[in-house]
Amino acid sequence: MNLSEANKKDIDVVLNKCGWRQTKQRVILLKSIFDGKDKHFSINQMNETLKDNRSYFSLTTLYENLNTLVDKGYLKQIIVDKQSFYDTNTTNHIHVYHQEENKIYDYDDCTELHKDLPIPACLALLEEYSLVINLKKKK
Ligand SMILES: [Zn+2]
């Protein structure tokens, strides 16, 4: 979903589905998240982005709003190491959590793993799954 160039009507669809009143803040939130790029972010990272875009949410409100977007199927939540990350790509795919960077990557984009090794074949049998590889490099 790309809302960066979206007109009022497209944004209203999302707002209505979430049961939200239209506020300037929420429009900035939606445009900041759905800017056309697939991305992973933590609540703190989104909070920083919003500040850069001059929109201020309390962390509690931000958390609630992100959870609503997860409930309505617009975002996927990934929990790793007791932290919540969010993904704008809601299809099934494998994630890699990079401990040192405290970031989530898509397995396909992670250059540090050997892609010629097979991933668990049983995943192909599942309708939905969540798999996160928690990566810590050898010292
Ligand atoms: Zn992802």
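This text walks through a predicted model of a protein, from its overall division to its helices, sheets and zinc site.

The protein is divided into two domains, domain 1 covering residues 8–80 and domain 2 covering residues 87–135. Their C-alpha centres lie 23 Å apart. Where the two domains meet, the contact takes 14 residues from domain 1 and 17 residues from domain 2.

Begin near the start of the chain. Asparagine 2 sits in the segment before helix H1. With a relative accessibility of 46%, asparagine 2 counts as partly exposed, a class that runs between 20% and 50%. Asparagine 2 touches Phe34, Asp35 and Gly36, leaving aside residues up to four places away in sequence. One of these, aspartate 35, is 33 residues away along the chain, yet the C-alpha atoms of the two residues are separated by 5.2 Å.

Next comes helix H1, residues 8–18, whose buried residues are Ile11, Val14, Leu15 and Cys18. These four cover an arc of only 100 degrees around the axis, and so they lie on the same side of H1. What covers them includes helix H2 (24–33) and helix H4 (59–71). The face of H1 turned away from the buried side carries the exposed residues Lys9, Val13 and Asn16. After H1 comes glycine 19, with a positive phi near 70 degrees.

Helix H4 offers another residue to look at, threonine 61. Threonine 61 is partly exposed, with a relative accessible area of 30%. Arginine 26 is 35 residues from threonine 61 along the chain, and their C-alpha atoms are separated by 11 Å.

Now turn to the sheets. Strands of a sheet pair through backbone hydrogen bonds, in either a parallel or an antiparallel arrangement. One open sheet here has three strands in the order S1-S3-S2, with antiparallel pairing. Strand S1 (40–42) and strand S2 (76–80) are at the edges with a single partner strand each, so one side of each has no neighbour in the sheet. From one strand to the next, the twist averages 30 degrees. S1 and strand S3 (residues 83–87) pair in the antiparallel sense over three bridges. In this pairing, histidine 40 stands opposite aspartate 87. Helix H3 (residues 43–52) lies across S1 and S3 and runs at about 95 degrees to S1.

Another open sheet has three strands in the order S5-S4-S6, and its pairing is mixed. Here the edges are strand S5 (103–106) and strand S6 (131–135), and each has a single partner strand, so one side of each is left without a neighbour in the sheet. Neighbouring strands of this sheet are turned by 30 degrees against each other on average, direction ignored.

What makes the pairing of this sheet mixed can be followed strand by strand. Strand S4 (residues 94–98) pairs with S5 in the antiparallel sense over four bridges, while S4 and S6 pair in the parallel sense over five bridges. Tyrosine 97 shows both pairings, standing opposite isoleucine 104 in S5 and opposite asparagine 134 in S6. The hairpin of S4 and S5 has four residues between the strands, and in it asparagine 102 takes a positive phi near 55 degrees.

Is S4 covered or open? Five of its five residues are buried, so the strand is mostly covered. Ile94, Val96 and His98 point one way from S4, and His95 and Tyr97 point the other way.

The zinc ion draws on residues from both sheets. Its protein donors are His40 (NE2), Asp87 (OD), His93 (NE2), His95 (NE2) and Asp106 (OD), lying 2.1 to 2.2 Å from the ion. In sequence, these donor residues are spaced H-x46-D-x5-H-x1-H-x10-D. Two of the donors also face each other across the sheet of S1 and S3, since histidine 40 stands opposite aspartate 87 in S3. In the other sheet, the bridge partner of histidine 95 in S5 is aspartate 106. How accessible are histidine 93 and histidine 95? Histidine 93 is buried, with a relative accessible area of 14%. Histidine 95 is buried too, with a relative accessible area of 4%. Both values are under the 20% that sets the limit for a buried residue.

Technical notes. Residues are numbered from 1 along each chain as its sequence is written. This is a predicted model: local features need pLDDT of at least 70, side-chain atom pairs count only at pLDDT 80 or more; totals for chains, interfaces and linings use all residues. Side-chain values use heavy atoms; hydrogens and water are left out. Two strands pair if DSSP finds at least two bridges between them. Axes are lines fitted to C-alpha atoms, for helices over the stretch in contact, and angles run from 0 to 180 degrees between N-to-C directions. Contact means heavy atoms within 4.5 Å. Buried means under 20% relative accessible area, exposed over 50%, partly exposed in between (1.4 Å probe, protein chains only). The arc is that of the directions from the helix axis to the C-beta atoms. Donors are N, O and S atoms within 2.8 Å of the metal (3.2 Å for Na, K and Ca); water is not among the atoms, so sites may look incomplete. Domain bounds come from an automatic or database domain assignment.
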